[in-house]
Amino acid sequence: MSEFASVAKVHEIEEGKVKVIRVGEAPIGLTKIDGEFFAFADVCTHDDGPVAEGELDEYVIECPRHGAKFDIRTGKVKQLPAVVPIPIYAVKVEGDAVLVSKKPMSTT
Ligand code: FES
């Protein structure tokens, strides 16, 4: 079972906005949509772009560097030039704390 790290307070994550947090060395984008939290690697699989700085449209985020799109629920590519999914992380809430898994979930 994956270990989790406490990364933010529930009220710090705004609906539809992405906050970049770190779990160890890994930069991770954390957001909330319809009250549900999602966490994904802030490193584009195309050329290491800062995905989390991109435009979020419902569950799809666009890498600001060359426009690749990913579904933040699954990590799957929705638009080229990326072809490899971005890692996604499990998120859970305990009291007022948002916790993110220290290791990514499988994106296969
Ligand atoms: S680095 Fe993200 S699309 Fe190129």
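The exchange below goes through a few residue labels in a predicted model.

Visitor: Why is Ala41 called buried?

Guide: Buried means under 20% relative accessible area. Ala41 has a relative accessibility of 7%, so the label buried applies.

Visitor: Where does Ala41 sit, and which residues does Ala41 touch beyond those up to four places away in sequence?

Guide: Ala41 belongs to strand E4, residues 36-41. With residues up to four places away set aside, Ala41 touches Pro27, Val51, Ile86, Pro87 and Tyr89. As for Val20, 21 residues apart from Ala41 along the chain, the two C-alpha atoms are separated by 9.4 Å.

Visitor: Asp71 has a charged side chain by the usual count. What makes Asp71 buried?

Guide: The cut-off for buried is under 20%. Asp71 stands at 6% relative accessibility and therefore counts as buried. Asp71 is part of strand E7, residues 69-71. Apart from neighbours within four places in sequence, Asp71 is in contact with Tyr59, Lys76 and Lys78.

Visitor: Why is Glu62 called partly exposed?

Guide: Partly exposed covers what lies between buried, under 20%, and exposed, over 50%. Glu62 has a relative accessible area of 31%, so Glu62 is partly exposed. Glu62 is in strand E6, residues 60-62.

Visitor: How do you know that Glu62 has enough accessible area for a surface patch?

Guide: Patch residues need over 30% relative accessible area. Glu62 has 31%, so Glu62 passes that cut-off. Glu62 is one of the residues forming a negative surface patch, together with Glu15, Asp34, Glu36, Glu55, Asp57 and Glu58.

Terms used
Residues are numbered from 1 along each chain as its sequence is written. This is a predicted model: local features need pLDDT of at least 70, side-chain atom pairs count only at pLDDT 80 or more; totals for chains, interfaces and linings use all residues. Side-chain values use heavy atoms; hydrogens and water are left out. Patches are made of residues with over 30% relative accessible area and no salt bridge: like charges are joined within 9 Å, nonpolar side chains (Val, Leu, Ile, Met, Phe, Trp, Tyr) within 5 Å. Accessible areas come from the Shrake-Rupley method with a 1.4 Å probe; for residues, only the protein chains shown count as cover. A salt bridge is a side-chain nitrogen of Lys or Arg within 4 Å of a carboxyl oxygen of Asp or Glu. The place of a charge is taken as NZ of Lys, CZ of Arg, CG of Asp or CD of Glu. Helices (H or I, at least four residues) and strands (E, at least two) are DSSP runs, numbered from the N terminus. Buried means under 20% relative accessible area, exposed over 50%, partly exposed in between (1.4 Å probe, protein chains only). Contact means heavy atoms within 4.5 Å.
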